[in-house]
Amino acid sequence: MPDVVVIGLGAAGSALVDQLARRGVDVLGIDRFSPPHDLGSTHGETRITRLAVGEGSTYTPLVQRSHHIWRELEAETGAELLTLNGCLVLQDAGAGEAHGAADFLATTVDSGRSFGVAVEELDAAAVRARFPQFAAPEGTRACFEPGGGFVRPEAVVAAQLDSARRHGAEIHTGERVLSLQHLPGGVRIRTERASYDADRCVLCAGPWLRALTPPEVASLFTVVPQTLCWFDDASGGHTADAMPAFIWVLRGPTLIYGVPQVSGLTPGVKVGTEQFTEAIDPDAGFTAPSGAAARLWEELVGPRLPGVGPRTVRTATCLYTVTSDMGFAVDTLPGDDRTLLVSACSGHGFKHSAGIGEAVAQLLTDGHSDVDLAPFALGRLQAPAGRG
Ligand SMILES: Cc1cc2nc3c(=O)[nH]c(=O)nc-3n(C[C@H](O)[C@H](O)[C@H](O)COP(=O)(O)OP(=O)(O)OC[C@H]3O[C@@H](n4cnc5c(N)ncnc54)[C@H](O)[C@@H]3O)c2cc1C
């Protein structure tokens, strides 16, 4: 009987099985697909990372640990995971609301400064002079973090799972978990193939977590598809050595974000925006609305990113799992203190996922974690209106 079963081996689950295996825990990881895959929340080649966190300083210690863990993994494996080419957060005049923050740029600067992270505040003219890739209108304010950049999610998941296996974890892929049953002193996990009893279970099922949680927990999460687009670098000036990753907070409220063209990855500048109105069942599938890329370029990319051409090189759909305050969920399930729900969600979790994996592994082995996970308790969340 394993000590711990981890269900779902994407961003959070692959980090956790690796951390548990490194601590000598007898751990079984199960995934319905074969991660890394492109069906959930962890694909699209790159994720922005930043230590000055607009979602709040609660998160900075997590991403600091993630960077440390990924650098160690790079040294152990030779894999290329983390590229710190800088991150630029821009905010239009009169804009600010994003990801649960009332003033995303101010929170970015404050969280960075409170942890001694190097950040530079820039006005519109300074942005245009220093980063000509951004047509910042007068009144735009910005913050440049040289130590931000991007991370490669598929490569991270693959490296974490390889490391977990090397440290003795048992990994089952292509095996869907059907149900969890609370037992006296443990949990029974039923899959399509077998039944496993374990001391503890950790549910890291990402957009599918609602299928394995009681209704009062499932109702706290909404799954919304997002479309990612790679546009032609028409001017050739949008490579990772010339341009930082960026987030641009707009009035709406909405935002665009992006990563420059990276050698060896899809040849284009990756840009996305966000939508929170169309919710889906992750098993139902989703196709990007026709014309979505053209609209994104016409309305938001063309006017703001000069030199990025309208030709779409690639599109992809990826799923956000969203909570009422855009924060994470790390807590035991009601009536089942043996099962922990772990969701680094709401569209900003990848950069924190290795830190979350480490903290949850500490919690399970030592009874407490270095980084405080209390802000992610389920009790603070509300179900969206209209859902019971
Ligand atoms: C378009 C987009 C852009 C983003 N940009 C950023 C960014 O720039 N920076 C950032 O930090 N974050 C970003 N994020 C957020 C980040 O990618 C996610 O928060 C993170 O990847 C979530 O990981 P997860 O482990 O919760 O889910 P996943 O990685 O999807 O993992 C869940 C796993 O559970 C498995 N599973 C589900 N149900 C079962 C079952 N019944 N049995 C067995 N296995 C099961 C699935 O197969 C899957 O592998 C972005 C997300 C999207 C969609």
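# A tour of two domains and a ligand

Start with the whole chain, which is divided into domain 1 (4-43 + 153-219 + 325-380) and domain 2 (86-148 + 222-322). Keep in mind that this is a predicted model. Give each domain its own colour. The C-alpha centres of domain 1 and domain 2 lie 29 Å apart.

**Stop 1: where the domains meet**

Select the contacts between the two domains. Domain 1 brings 16 residues to them, and domain 2 brings 13. Together the domains bury about 1200 Å² between them. Carbon and sulfur atoms carry 58% of that area. Which residues of domain 1 lose the most area to domain 2? Pick His43, Pro207 and Met326, which together account for 39% of what the domain 1 side buries.

Stay on Met326. This residue sits in the loop between β18 and β19 (329-333). Check its backbone: phi is near 65°, a positive value in a residue other than glycine.

**Stop 2: the ligand and its shell**

Now show the ligand and the residues around it. The shell holds 37 residues. The closest are Asp31, Thr42, Arg47, Cys318 and Ala344. Label those five residues before moving on.

Colour the shell by residue type. You should find 20 nonpolar, 11 polar and six charged residues. Then switch back to the domain colours. Domain 1 and domain 2 each supply at least three residues to the shell.

**Stop 3: backbone atoms at the ligand**

Display the backbone atoms beside the ligand. At Ala12, a backbone N or O atom lies 3.0 Å from an oxygen atom of the ligand. Phe350 also places a backbone N or O atom 3.0 Å from a ligand oxygen. Go next to Gly347. Here a polar backbone atom is 3.4 Å from a nitrogen atom of the ligand.

Turn on the surface. How much of the ligand's own accessible area does the protein cover? The ligand has 1000 Å² on its own, and the protein covers 96% of that.

Switch to cartoon and trace the elements that give two or more residues to the shell. Two are helices to select: α1 (11-22) and α8 (350-366). The strands are β3 (47-49), β14 (222-231) and β18 (312-322). Of these, finish on β18, which gives the most to the shell, with three residues.

**Stop 4: two cis peptide bonds**

Leave the ligand and look at two prolines. Select Pro35 and Pro36. The peptide bond between them is cis, with omega near 0°. Pro36 lies in the loop between β2 (27-30) and β3.

Then jump to Gly252 and Pro253. The bond from Gly252 to Pro253 is cis as well, with omega near -5°. Look for Pro253 in the loop between β15 (245-250) and β16 (254-259).

Conventions
Residues numbered from 1 in each chain as written. Predicted model: local features only at pLDDT ≥ 70, side-chain atom pairs only at ≥ 80, totals over all residues. Heavy atoms only, no water. Near = heavy atom within 4 Å. Polar contact = N/O pair within 3.5 Å; in protein donor to acceptor, adjacent residues only side chain to side chain. Areas by Shrake-Rupley, 256 points an atom, 1.4 Å probe, with all protein chains shown as cover. Helix = DSSP H or I, 4+ residues; strand = E, 2+ residues; numbered from the N terminus. Nonpolar A, V, L, I, M, F, W, Y, C, P; charged D, E, K, R; others polar. Domains from an automatic or database assignment. Contact = heavy atoms within 4.5 Å. Buried area = accessible area lost by both parts, 1.4 Å probe.
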